[in-house]
Amino acid sequence: MTKPIRQNIIDALLNSRNILITAHKSPDGDSLGSQLALAGLLDHLTIPYSIVDEGEVPDKYMFLPGIDSVRNIEDLKNTTESFDTLVVIECSNLERIGSVQRLINDDTKIINIDHHQDNQPFGYINLKDIQASAAGEMIYDILCQGSFPISKAMATNLYTAILTDTGRFHYNSTTPKSLKVSAHLLELGADPVEITEKVYYNLRPQLVRLTGMAVANMQYHLDGRLCLLTVDRKMMKAVDARRGDTEGLVSYSLYSIGVEVGVLFTEVDDRTTKVSLRSQNVIDVAELAANFGGGGHVNASGCIMELPLEQARETIIELVKDRLNGSV
Ligand SMILES: [Mn+2]
């Protein structure tokens, strides 16, 4: 099923004049690695393209080969460039690309490549593979489908995509295939030590302190089955943190015995709270996030709640309580 779709994507790319590549707002390891690896293919095929995202590239991904070619939509205010094809990676729906939408029109052909279970078929070609550990694994499959060469740079980008989206190979999305693909990417020149160091061990000291502050104030609820981490604006300010800096902090919520659901609340402003959710076992946090317009995977999801921090916390506690009671 997916094999002919992959070929359709290759054919569509080959027939394009100028391609726009994008992903969800607030770029992460999978979205950046996938976009850059696809760009590597288009370089090889000498097909013109642009990568445009909404939101800043986090510092830790600035080492990715080709990262300078990722443009911020804010810098394209007065562009007259036109694109006949849009490749959307890792988005459940088109809204997730944010204001990049203004670069397309009704004639733009959309190719939708995603591994989220709630992905809507908003493209004229839709490649959805919920078995894939990362969108990067899907880009790898497309490259293999066309027997295209995978350069060291592309391998580095794809390995970073899979490494980050599997939480360094420990989420249940880690499969024999994702490890085989990763092994092949190492053979092609990706350096696992360097990549892991750049992504995970390259934090500014203030951010390590931020982690300490959040962990020190961790709250347990529902007999220790729910663990909450909070980063408010005061904490962010104290260490001069930016929004993307809290990515990854949520994993600490699952470190203790007995925790089934972990949540990180990041205060955005007086009435907006960013929520990252993780679960072990059966609780579907993608469904939880969907209540607030978010989404993700069964065990990892996120949403933006239009509520002040304290209310967001209370709301989530109640919802998790319902789900946990239902699961006993
Ligand atoms: Mn992903």
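**Exercise 1. In strand 10, which residue is the bridge partner of phenylalanine 265? Set the pair in its hairpin and describe strand 9.**

*Solution.*
Step 1. Phenylalanine 265 has valine 275 of strand 10 as its bridge partner. The model used here is predicted.
Step 2. Now take the two strands as wholes. Strand 9 and strand 10 (residues 272-279) run antiparallel and are joined by 8 bridges.
Step 3. Look at the connection. Strand 9 and strand 10 make a hairpin, with 2 residues between them.
Step 4. Turn to the other neighbour. Strand 8 pairs with strand 9 in the parallel sense, over 6 bridges. Here cysteine 227 is partnered by glycine 262 of strand 9.
Step 5. Check burial, with under 20% relative accessible area as the cut-off. Strand 9 (residues 261-269) has 7 of its 9 residues buried, so the rest of the structure largely encloses it.

**Exercise 2. Give the strand order of the open sheet with mixed pairing, and find its edges.**

*Solution.*
Step 1. The sheet is open, has 6 strands and follows the order 7-8-9-10-12-11. Its pairing is mixed.
Step 2. Read off the ends. Strand 7 (219-221) and strand 11 (295-296) are the edges; each has a single partner strand, so one side of each lacks a neighbour in the sheet.
Step 3. Examine the edge at strand 11. Strand 11 pairs with strand 12 (residues 300-305) in the antiparallel sense, over 2 bridges. Glycine 296 sits opposite serine 301 of strand 12.

**Exercise 3. Describe the open sheet with parallel pairing, and place helix 3 against it.**

*Solution.*
Step 1. This open sheet also has 6 strands, in the order 3-2-1-4-5-6, with parallel pairing.
Step 2. Its edge strands are strand 3 (70-72) and strand 6 (125-128), each pairing on one side only.
Step 3. The twist from one strand to the next averages 25°.
Step 4. Take one edge in detail. Strand 2 (residues 49-53) and strand 3 pair in the parallel sense over 3 bridges. Isoleucine 51 stands opposite valine 70 of strand 3.
Step 5. Add the helix. Helix 3 lies across strand 4 (85-89), strand 5 (109-114) and strand 6. Helix 3 runs at about 115° to strand 5.

**Exercise 4. Characterise the packing of helix 4 and helix 6.**

*Solution.*
Step 1. Two packed helices are described by the angle and the distance between their axes.
Step 2. The axes of helix 4 and helix 6 (residues 192-200) come within 11 Å and cross at roughly 55°. That angle makes helix 4 oblique to helix 6.
Step 3. The crossing is right-handed.
Step 4. List the contact. Helix 4 gives Thr156, Tyr159, Thr160, Leu163 and Thr164. Helix 6 gives Pro192, Ile195, Thr196, Val199 and Tyr200.
Step 5. Sort by class. The contact has 6 nonpolar, 4 polar and no charged residues.

**Exercise 5. Where are serine 147 and aspartate 223 placed, and are they buried or exposed?**

*Solution.*
Step 1. Start from the background. Most residues other than glycine have a negative phi.
Step 2. Serine 147 has a positive phi, near 50°. Aspartate 223 also has a positive phi, near 55°.
Step 3. Locate them. Serine 147 lies in the loop between helix 3 (135-145) and helix 4 (152-165). Aspartate 223 lies in the loop between strand 7 and strand 8 (226-231).
Step 4. Apply the exposure cut-off of over 50%. Serine 147, at 65% relative accessibility, counts as exposed. Aspartate 223, at 82%, counts as exposed.

Terms used. Residues are numbered from 1 along each chain as its sequence is written. This is a predicted model: local features need pLDDT of at least 70, side-chain atom pairs count only at pLDDT 80 or more; totals for chains, interfaces and linings use all residues. Side-chain values use heavy atoms; hydrogens and water are left out. Two strands pair if DSSP finds at least two bridges between them. Helices (H or I, at least four residues) and strands (E, at least two) are DSSP runs, numbered from the N terminus. Buried means under 20% relative accessible area, exposed over 50%, partly exposed in between (1.4 Å probe, protein chains only). Axes are lines fitted to C-alpha atoms, for helices over the stretch in contact, and angles run from 0 to 180 degrees between N-to-C directions. Contact means heavy atoms within 4.5 Å. Angles under 35 degrees count as roughly parallel, over 145 as roughly antiparallel, 65 to 115 as roughly perpendicular and the rest as oblique. A crossing is left-handed if the near helix is turned anticlockwise from the far one by less than a right angle, and right-handed if clockwise. Ala, Val, Leu, Ile, Met, Phe, Trp, Tyr, Cys and Pro count as nonpolar, Asp, Glu, Lys and Arg as charged, and the others, Gly among them, as polar.
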